[in-house]
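Got the structure open in a viewer? Here is an informal walk through a few of its parts.

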Amino acid sequence: MTGGYLIALGPGAAELVSVSLHNRLESLGLYQAFAQKDLKIFAKGPIRVREASGLGVILGSLSPRQSSVREPVDLASLIQDHWGAYLAVLTPRDQPMGIFRDPSGAVPAFWFRTGETLVVTDQIDLAARLNLINPVIDWDTLVRDLVYKRRRGARTGLVGVTELAPGEHLAVNGLSRLAWTPWRYTTADMAFRHLDDAAEALREAVELSVRGSAADYSALSIELSGGLDSSIVAGALRDDPRLSAFNAVSRDAEGDESVFAVEVAAAMGFPLTMETLDPHLARLEPPSHELRPARPGRLGTLSPLNDALATHARQVGAQAFIGGMGGDSVFFYTNSAAPVADRLRRRGLSSGLVQTAFDVARLNNATVWSVADRAWRLALRPDLDLHRGADNAFLTCQGPIQADVHPWMAARPKGAPPGRQRHVASIAYIMGFLDGHAVRDGLAQLSPLLAQPIVETVLRTPSWFAVDRGRDRAVARRAFKDVLPGSVLRRRSKGAIDRFVYEAILANLTEIGEILAGGLLARQGLLDLPKVAEALATPEQLAGPRGQRLLALADAEYWARAWSRSD
């Protein structure tokens with residue numbers, strides 16, 4: 001759904017939402033959607049707000065898993081029998097009021113306190129413009145965000161502003177817990193025993209989730225890359241007259257997947273528009289009218305893609321974008337030996353274990369002995385190091401920095417299989433990456449592969465199924481083998497836009513240098529300016545991680561400037 005909303009919950013809510021604040025909210029297009037003692041809800045435009053008797057109030061879309069399911073009467077029935085893109089305001093009679101964010105994370109939710117009142121919104125910029133918060137940059141968290149490349153926890157880049165994690169329940173008194181946890185679905189007793197059963201369940205979950213996510217829109221634009229993930233979304237909506245497909249092509253061979261997109265669009269019955277992107281049109285600085293997010297994360301080099309998608313959406317009258325974002329994480333695209341370690345820990349020594357080792361070796365063009373060695377090490381020390389992988393490039397801080405651990409990972413059970421840990425972490429962290437894509441040109445970006453039914457299904461699927469026969473995302477391939485073109489099912493390569501990003505960096509090299517040399521990050525003493533200057537002086541070395549690192553720093557600088565300006 002597109003924003004915004006603002007909820008005031010708890011003692012003092014009525015006083016906080018004064019006549020003046022009420023009028024200002026209305027002037028911004030937010031109407032009072034619900035009101036009672038200690039609860040005020042304001043929402044904008046297409047956001048649906050409805051009361052659920054005995055439970056509270058639902059913002060967004062909520063669907064039953066089966067047609068015979070009744071309205072949810074409590075949080076347990078909401079989680080077990082329903083799914084959707086929603087935020088639930090819980091008003092039980094015998095417990096404190098609270099907020100629950102659906103496990104897909106489709107509806108952003110940030111919270112802060114004003115006195116005893118809990119305020120929740122999808123747009124923290126809205127709260128700042130209403131003077132409900134005095135935004136102060138949390139530089140320590142910003143550094144963590146850069147060091148760990150957006151492997152985010154609950155903290156944001158603003159002091160006193162916290163993100164509500166998907167599946168998290170926050171009571172008005174400030175106590176929180178994971179009411180829905182991914183780990184429930186990773187236990188041995190929940191696991192599918194056979195690959196065909198897993199594939200069948202995944203097919204059902206994908207079709208339910210994709211079709212349900214698209215149900216509220218009369219026209220949609222699907223970003224069809226030609227890769228497996230977007231092709232699966234297209235397959236779930238095959239022959240749907242509401243869909244128009246768009247394929248972006250970069251000028252280099254690795255970024256041109258058009259041959260696959262053409263074949264998928266033809267097979268699914270969608271009209272297809274293709275456009276070659278120009279990296280010289282990339283804009284690193286956000287438009288002045290763009291809402292300020294709670295954290296950095298905007299990919300300025302993708303602005304030509306966003307512009308092209310927006311133009312296509314206007315031409316076809318689309319009300320939302322839909323695509324396969326998050327698919328690699330959900331379907332567990334992995335190159336590690338973790339599936340072998342998982343099978344060893346769950347099933348012991350067996351012929352199946354040997355087969356999985358060969359599958360991983362084939363997938364990675366490695367020897368089975370190297371795979372076995374790595375798997376044995378993982379089995380002996382399975383816990384994923386959540387503070388590993390720090391990247392201090394171009395920063396002055398070179399000592400160890402602790403990551404802000406995501407609530408899902410903080411709740412991992414002791415001894416969880418290494419593959420399951422990596423799978424959960426990948427899903428948790430991809431949600432942070434998608435922050436910058438929640439809305440494009442005022443239209444919602446639907447990412448249905450992160451829907452609750454799909455996530456629960458893939459977490460019940462043993463990790464070694466995902467590498468069956470040496471194919472990545474093998475369960476997803478099997479689930480849609482009768483729908484997708486053979487070329488997509490057999491495809492082992494993945495498209496990339498590295499060359500496009502590199503050319504966009506070169507086109508904006510002067511701008512990057514100027515904003516970093518004289519910016520807020522430099523004034524805070526966070527940047528190693530000599531190393532930044534050295535990198536900018538050798539542009540031929542910026543094709544890869546170094547260049548992408550400079551882009552992340554530029555984005556963080558623009559983000560900090562936006563929050564530091566006077567409105």
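What follows covers two sheets, a pair of helices and a few loop residues.

Keep in mind that this is a predicted model.

**The sheet with S1**

Start with an open sheet of 6 strands, ordered S2-S3-S1-S9-S8-S10 and paired antiparallel. Its edges are strand S2 (30-36) and strand S10 (162-163); each has a single partner strand, so one side of each is left without a neighbour in the sheet. Further in, strand S1 (residues 5-9) runs antiparallel to strand S3 (residues 39-44), and 5 bridges join them. If you want a spot to click on, alanine 8 has lysine 40 in S3 as its bridge partner.

Strand S8 (residues 110-114) pairs with S10 over 2 bridges, again in the antiparallel sense, and phenylalanine 110 stands opposite glutamate 163 in S10. S8 also pairs with strand S9 (residues 117-121), antiparallel and over 5 bridges. There, arginine 113 sits opposite leucine 118 in S9. S8 and S9 make a hairpin with 2 residues between them, and glycine 115 in that turn has a positive phi of about 65 degrees.

**The sheet with S4**

There is another open sheet of 6 strands, and this one goes S4-S5-S6-S7-S11-S12, with antiparallel pairing. Strand S4 (49-52) and strand S12 (176-178) are at its edges with a single partner strand each, so one side of each lacks a neighbour in the sheet. On average, neighbouring strands here are turned by 30 degrees against each other, direction ignored. At the S12 end, strand S11 (residues 168-171) and S12 run antiparallel and are joined by 3 bridges; glutamate 168 has leucine 178 in S12 as its bridge partner.

Here are the strand pairs side by side:

| Strand pair | Bridges | Residues facing each other |
|---|---|---|
| S1 and S3 | 5 bridges | alanine 8 and lysine 40 |
| S8 and S10 | 2 bridges | phenylalanine 110 and glutamate 163 |
| S8 and S9 | 5 bridges | arginine 113 and leucine 118 |
| S11 and S12 | 3 bridges | glutamate 168 and leucine 178 |

**Helices H20 and H23**

Helix H23 (residues 545-564) has 20 residues and spans 28 Å from first C-alpha to last, close to the 28 Å expected at 1.5 Å a residue. Of those 20 residues, 15 are buried, so H23 is largely enclosed by the rest of the structure.

How do helix H20 (residues 509-517) and H23 pack? Their axes are 10 Å apart, at an angle of about 55 degrees. The two helices are therefore oblique to each other, and their crossing is left-handed. On the H20 side, the contact is made by Glu511, Ile512, Ile515 and Leu516. H23 contributes several residues, including Leu550, Leu551, Tyr558 and Arg561.

Leu551 turns up again in the contacts of threonine 301, which also touches Ala282, Leu284, Phe500, Val501 and Ala504, leaving out residues up to four places away in sequence. Threonine 301 is in the loop between strand S15 (272-276) and helix H9 (303-316), and it counts as buried at 6% relative accessibility.

**Two loop residues with positive phi**

Most residues other than glycine have a negative phi. Lysine 149 is not a glycine, yet it has a positive phi of about 50 degrees. Arginine 150 is also a residue other than glycine with a positive phi, near 65 degrees. Lysine 149 lies in the loop between helix H5 (139-147) and S10, and arginine 150 lies in the loop between H5 and S10 too.

Which of them is buried and which exposed? Lysine 149 counts as exposed at 55% relative accessibility, whereas arginine 150 is buried, with a relative accessible area of 15%.

How values were computed. Residues are numbered from 1 along each chain as its sequence is written. This is a predicted model: local features need pLDDT of at least 70, side-chain atom pairs count only at pLDDT 80 or more; totals for chains, interfaces and linings use all residues. Side-chain values use heavy atoms; hydrogens and water are left out. Two strands pair if DSSP finds at least two bridges between them. Helices (H or I, at least four residues) and strands (E, at least two) are DSSP runs, numbered from the N terminus. The expected span of a helix is 1.5 Å times one less than its number of residues. Buried means under 20% relative accessible area, exposed over 50%, partly exposed in between (1.4 Å probe, protein chains only). Axes are lines fitted to C-alpha atoms, for helices over the stretch in contact, and angles run from 0 to 180 degrees between N-to-C directions. Angles under 35 degrees count as roughly parallel, over 145 as roughly antiparallel, 65 to 115 as roughly perpendicular and the rest as oblique. A crossing is left-handed if the near helix is turned anticlockwise from the far one by less than a right angle, and right-handed if clockwise. Contact means heavy atoms within 4.5 Å.
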